[in-house]
Each structure stands twice: as C-alpha cells, then as structure tokens.
Amino acid sequence: MGHFSLRPGWIDSGPDCAYALGMELHLEPELAAKVEQWSAETGLPVNHLIEDAITGYFSEVEQIVSGRVQPMDGREAVRLIKERAAVRRKSIA
C-alpha cells in the first residue's frame with residue numbers, strides 16, 4: 001500500500017484541528033503508482049497532486065449538492081459532446 005504524508009496547512013490546521021500536525025494517506029499500490037507517475041511526469045510534488053484532487057472532488061460534490069450541476073445520463077453526455085464537436089467543426093470549415 002502506498003503511504004503519503006500530507007503537510008499541515010491545506011486542511012484547517014487551527015489549534016483545535018485533529019490534523020494540525022498533518023495527515024497520513026494510505027493508497028492501494030496501483031493508485032499510489034499512478035500518483036507517483038503523475039508526479040514524475042508533471043514535476044509536481046505528490047502532496048500537491050493529492051491536495052488538488054481532493055479539493056477538486058469536494059468542489060464538484062458541492063456543486064452537485066447545491067444543484068448548480070445536475071447529474072446526466074452517460075448516453076446523453078456523449079450525444080451532447082458529439083453535437084458540440086459537430087458545431088465546432090462546422091464553424092472552423
């Protein structure tokens with residue numbers, strides 16, 4: 001299992017916070033290998049990649065819960081993507 005230590009500060013790290021000293025994250029080996037590969041390819045620290053992923057996840061969940069983003073059927077999503085691509089191709093031609 002992959003083991004990463006996340007630095008304090010990106011989470012609420014006030015004196016009463018349980019994570020004031022940082023946090024340890026344990027990932028399955030396959031996911032840990034992907035994170036390490038992304039880090040090597042991008043030159044970004046592992047902590048940065050994990051923090052961005054977690055932040056993005058909660059941002060998306062917040063938008064869904066608030067109703068700003070509505071879940072969509074996969075077939076409908078593919079149809080919209082194809083439709084938008086066709087419109088772009090026509091505007092370029």
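1. **Order of the elements.** Start at the N terminus and walk along the chain: the elements come in the order β-β-α-α-α. That adds up to 3 helices and 2 strands. Keep in mind while you look around that this is a predicted model.

2. **How much is tucked away.** The chain has 93 residues, and 17% of them count as buried. As for contacts, take those between residues at least 6 apart in sequence: 39% of them join residues at least 24 apart.

3. **The core.** Which residues make up the largest nonpolar core? Look for L27, A32, V35, V46 and I50, which are 5 residues in all. Two helices, α1 (29-42) and α2 (46-66), each supply at least two residues of this core. Here is some background for this point: in soluble globular proteins, nonpolar side chains tend to be buried together.

4. **The pocket.** Next, find the largest pocket, which holds about 170 Å³ of space. Its lining is made by L25, L27, L31, V35, W38, L49, I50, A53 and I54. Sort that lining by class and you get 9 nonpolar residues, with no polar and no charged ones. You'll recognise some names from the core: L27, V35 and I50 are listed in the core and also in the pocket lining.

5. **Who builds the pocket.** Which element gives the most to the lining of the largest pocket? That's α2, with 4 residues. Strand β2 (23-27) and helix α1 also take part, as β2, α1 and α2 each supply at least two lining residues.

6. **A serine worth a click.** S39 sits in helix α1. Is S39 buried or exposed? Its relative accessibility is 14%, and the cut-off for buried is under 20%, so S39 counts as buried. Leaving out residues up to four places away in sequence, S39 touches L44, P45, V46 and L49. Two of those partners have turned up already: V46 belongs to the largest nonpolar core, and L49 helps line the largest pocket.

7. **The aromatic pair.** The structure holds 1 aromatic pair. Why is the pair of Y57 and F58 called edge-to-face? The ring centres of Y57 and F58 are 5.3 Å apart and the ring planes stand at 75 degrees, so the pair is edge-to-face. In general, a pair of aromatic rings is described by the distance of the centres and the angle of the planes. Are Y57 and F58 buried or exposed? Both Y57 and F58 are exposed.

Methods:
Residues are numbered from 1 along each chain as its sequence is written. This is a predicted model: local features need pLDDT of at least 70, side-chain atom pairs count only at pLDDT 80 or more; totals for chains, interfaces and linings use all residues. Side-chain values use heavy atoms; hydrogens and water are left out. A nonpolar core is a set of buried Ala, Val, Leu, Ile, Met, Phe, Trp, Tyr and Cys residues joined through side-chain atoms within 4.5 Å. Buried means under 20% relative accessible area, exposed over 50%, partly exposed in between (1.4 Å probe, protein chains only). On a 1 Å grid over the protein atoms alone, a cavity is a set of points where a 1.4 Å probe fits but cannot get out, and a pocket is an open set with protein on both sides within 12 Å along at least five of seven lines; lining residues have an atom within 4 Å of a point. Grid points are joined across faces, edges and corners, and a volume is the space filled by probe spheres set on the points. Ala, Val, Leu, Ile, Met, Phe, Trp, Tyr, Cys and Pro count as nonpolar, Asp, Glu, Lys and Arg as charged, and the others, Gly among them, as polar. Rings of Phe, Tyr and Trp (its six-membered ring) pair if their centres lie within 6.5 Å; planes under 30 degrees apart count as stacked, over 60 as edge-to-face and the rest as tilted. Contact means heavy atoms within 4.5 Å.
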